[in-house]
Amino acid sequence: MSAIFNFQSLLMVILLLICTCAYIRALAPSLLDKNKTGLLGIFWKCARIGERKSPWVACCCIIMAFSILFLQ
């Protein structure tokens, strides 16, 4: 089943995208800062969410890991 049709898989993909973009921006900020608009601007926005809301993102990652490990 595609991640688009399964809500839990869609949330997992979004969380992984946010965490990955924030990590890439921490290593090499110039990669994401030059594309703030357009289609590639999504990655810059995900990096900003990961930086500014990091406690909330971390909490969501822990909840997602718990649900995958123990509820499925």
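Arg25, Asp33, Arg48 and Glu51 are joined in a network of salt bridges, seen here in a predicted model. A search of the whole structure finds three salt bridges, and the paragraphs below follow the network from Asp33 through Arg25 and Glu51 to Arg48.

At Asp33, the partner is Arg25, and the closest N and O atoms of this salt bridge are 3.0 Å apart. Asp33 has a relative accessibility of 26% and therefore counts as partly exposed, whereas Arg25, with a relative accessible area of 16%, is buried, because the term applies to values under 20%.

Arg25 also meets the side chain of Glu51 in a salt bridge, with an N to O distance of 2.7 Å. Since Glu51 belongs to helix α3 (residues 41-52) and Arg25 to helix α1 (residues 7-27), this pair ties together parts of the structure that are 26 residues apart in sequence. Glu51 is itself partly exposed, its relative accessible area being 33%.

From Glu51 the network continues to Arg48, the two side chains meeting in a salt bridge at 3.6 Å, N to O, a distance that qualifies because the cut-off lies at 4 Å. Here both residues sit in helix α3, three residues apart, so that about one helical turn separates Glu51 from Arg48. Arg48 has a relative accessible area of 24% and is partly exposed.

Taken as a whole, the network holds a contact between helix α1 and helix α3, through Arg25 and Glu51, and a contact inside helix α3, through Glu51 and Arg48, while Asp33 is linked through its salt bridge with Arg25.

Key:
Residues numbered from 1 in each chain as written. Predicted model: local features only at pLDDT ≥ 70, side-chain atom pairs only at ≥ 80, totals over all residues. Heavy atoms only, no water. Buried < 20%, exposed > 50% of the residue type's maximum accessible area, 1.4 Å probe, protein only. Helix = DSSP H or I, 4+ residues; strand = E, 2+ residues; numbered from the N terminus.
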